[in-house]
Amino acid sequence: MKKRKERIDRGIKARSEDIFALSSYREMLYLLAPRAIPVVGLLGVAPFLNPYWREVFISTAVYALLATSWDLLISAGLISLGQSLFYGIGSYIAGILNYYYGWSPLFTIPVATVMGGLLCTLFLLPVLRLRGIYFAMVTLVLPLMFSRLVEATRILGGTEGLPGLTPFPNQLTALYVIDFALLAVLFGFRRLMASDYGLVIRGINDNDRSVMSAGLNIYLYKTQILFIGASVGSFAGAFGTHMDMFAGMPGFALDYAIMPVAAAVVGGMGTFAGPMIGAFILVPLSEILRALGALRIVFYGLFLVIFIVALPEGIFHYLQRKYHQLERWVELV
Amino acid sequence: MLLCTLIYGFINSCILALLALGFNLTFGISGVANFAYGAIYIFSGFLTWITLNSIGLPYLLSVFISILCAALIGLLVYYIVILRVKGLALSEVIATFGLGLAIMELFRYFDFVGFKYTLPVFIDGSIGFGEVYVDYQRLFIALIAVGLTLFLYLFTRHSKIGLAFRAIAQDERTALTFGIDSDRIGAISMAFGAALAAIAAIVILPLGTIAIEGGYEVLINALAVCIVGGLGSTVGILVASVLIGYAQTFTANYLEPHWMMLVSLIAIAIVLTIKPSGLFSRQKELEERI
Amino acid sequence: MNQPLPLLKVSDLTKSFGGVMAVLNVSFDLKEGELLGIIGPNGSGKTTLVNLITGFVKPISGRVEYREKNITGWAPYKIVSLGIARTFQMVRPFYQLPAFKNMIIPLYSPRVKKLTGGKYGDRDAVALDLLEEVGFERDAHVAYKVAGSLPQGYLKRLELAKAMALRPDLIILDELFSGLSLAEVASIVPIIEKLRFQGITIIMIEHRLKELFRIADRVFVLNYGEKIADGPGEEVMENESVKKAYLGSETE
């Protein structure tokens, strides 16, 4: 008697489609629970942690922002091996505005976000027209180059960087700022990709000739997505600057480049929630293993490779599948 | 000064060409992205150091072991990583990038940092060209570079495996119908590329110390040469190495040494804007975006 | 006597790919409302010609003029916004999406926005209407089926609908009939006739000569990138060089 595995949607998923979700509390809870978890988790859990773990939490959230913006770029087919470019540029802009002009974080962060987004988009504009591999290569090379440039020319503080910058009024404020940013980005991106605009973007990723022949200028859309992703990355950099009260070459560190990719691979590409989950797994873990020092990057690298080989769909897709569908063995008829 | 620049520029070009050969073979010619290239380079260097100093094997044996191990790693990476991720977009890049990073930082963790990590030169001494002295090691590098380039050029045009390499880059499906096992050939090409990285490491690293940053620089330089020259074209690699090599040396001698890295960046930027597929690329126009 | 100006005027269009002459000095005029067929053996440059006209490939020399405007070398999206739409020989929809979702992207384009004044209401509804026009049975809910599960006949119609969604004045159909059964072809032909009735100019690249000759006003033949004949269907097939191109010459 041969059997095969079958996956079908759960009953409750079918019952909560469209307007029928309003029919009972159970269906509404089914829909709300997954969306409530990040909100509750981020906003509710944090205040109960001790200051050390709050630091870790904030650091994780910053990485999560980078991971989520990476995911946005990959939805359009832009593979970024250099999120550290966005982080570094945003970090330096905020640092410059604060160090040389004395602006407060209230102004440096928004300005750094937008300006950073614009600058990085400009840098990458020439490569948008080319195949994905060239884009990936240039994103890999640019932050390393900028790092060397600063080191060589000793501008902007050189290897010392810009120290003694303005911090946040207190840790809790910083926590809530990054929390709200993260939630806004998560839900915002999901909304965006679920809309018709998102369909166009995914279309560009899947078959760009088809989208071109439908009368759409794919480079315009790619540029828009790049700008949004770069801005979020620059925001993370600017935020980080004020958290560390320092801006310098470490802003272009490989950490910021490899970790978002690892988080996305572990958590599940294309889902925005996946990279967030990936970040919230990888960063605290690496913090716990901090006693092992520089092993952190090794850690990210290995996790990335293991996951991409063993569970390429990522944790979130796996969880999502389990949540929405059940598997069972059926007889072959 | 000029003679010095001309000679050292040539040596520099040879170094760049040697670095790019392995990367070009796997990526440009066989279409398999290996971003762990720099890591394999450094790995070979350290392995040779270990077998020479910690285990005490003779030089030639150590060299041989390193090259073999590098080739083995290439094979393993292909079968374990690349095969599994072939479908996803550029996941080969991501996976090999992660792996390379892990390897390099692992060395840093085990504290392979310092001036004691050097490899011995092949031949000691130097020779004078007029008032310029060039050490034999550098000449040796030039010799190996030219020799390997010639060998690869002939290999990829006249041997069965070499032609198979090019076949799977051009059109994998058609190659399959010709009976070329694309997986086996891809793996062999990666092994070759890794071995080339090892050879490059063994001849180049004696010029300085084995530094982990070198791994990243190797990747960047190899990328720069391949992009400028055009992925897949051996002639392109040569021309690009000469261009970038001389540009770097002139910058180092007439401007300042730390602007050297920028030369690679500027070269990439110019090429990508004017002729993105590289100076001598074989790839058809349609493959490049419109 | 004034002849109406041609809608599309192609002059001496030439394109080579690394030494292979794909299209060589091809010229033709297209009047508004005509249905022109382009035929020729495999590899004769038909799709390249379409790519040249629609901007996917830039010519080495020659001009393409649309309504007197020089559109040679323009980007595809700009050409589409002028009113030229095309289908692809290899149909490749977004397989995981339902058929009607595949229509959203053309409906999102600036041209459609311009023509409807930005108020097209629900794109989904428009998509469903268009699909019904090309034969997606409304009551069988075929339009809701995932594109990957649809047979070739429906996919070809989807391709046609995507082009129609752009409300073009000129549609170029690249081997629409290929891979279809006689019955399927027979069911698509009325849709094409309806387009003609609406005044849309059509170019059809085809291998299925009998079906093409029934509906085409005129036909021209490409061989090794050159135009070797131009005229009504039956006349063209009597042409010696056309026969030689398709069938080869007799050996002595």
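So, in what order do the 6 strands of the open sheet in chain C run? The order is 6-7-8-3-9-10, and the pairing is mixed. Pairing here takes at least two DSSP bridges between two strands, and the elements are DSSP runs numbered from the N terminus, with helices being H or I of at least four residues and strands E of at least two.

Quick housekeeping before I go on. This is a predicted model, where local features need pLDDT of at least 70, side-chain atom pairs count only at pLDDT 80 or more, and totals for chains, interfaces and linings use all residues. Residues are numbered from 1 along each chain as its sequence is written, while chains are lettered from A and ligands numbered from 1 in the order in which they are written.

Back to the sheet. Strand 6 (84–86) and strand 10 (226–231) of chain C sit at the edges with a single partner strand each, so one side of each has no neighbour in the sheet. On average, neighbouring strands are turned by 15° against each other, direction ignored. Angles otherwise run from 0 to 180 degrees between N-to-C directions, and axes are lines fitted to C-alpha atoms, for helices over the stretch in contact.

At the strand 6 edge, 3 bridges join that strand to strand 7 (residues 170–174) of chain C, and the two run parallel. C:Ala85 stands opposite C:Ile171 there. Over at the other edge, helix 11 (residues 240–247) of chain C lies across strand 9 (218–223) and strand 10, at about 125° to strand 10 of chain C.

Now chain A. Helix 4 (residues 83–101) and helix 10 (residues 218–244) of chain A pack at about 50°, axes 6 Å apart. That makes the pair oblique; the bins are under 35 degrees for roughly parallel, over 145 for roughly antiparallel, 65 to 115 for roughly perpendicular, and oblique for the rest. Contact means C-beta atoms, placed from the backbone, within 7 Å. Among the residues that meet are A:Gly88 and A:Gly90 from helix 4 of chain A, and A:Gly233 and A:Gly237 from helix 10 of chain A.

How confident is the predictor? Chain A averages a pLDDT of 85, with 98% of the residues at 70 or above; pLDDT is the predictor's per-residue confidence, from 0 to 100. Helix 10 of chain A has the highest mean among the elements of that chain, 93, and helix 13 (residues 295–310) of chain A the lowest, 79.

Last, the contact between chains B and A: 36 residues from chain B, 37 from chain A. Helix 4 (91–109) of chain B gives the most to chain B's side, 13 residues.

Terms used:
Two residues are in contact if their C-beta atoms, placed from the backbone, lie within 7 Å.
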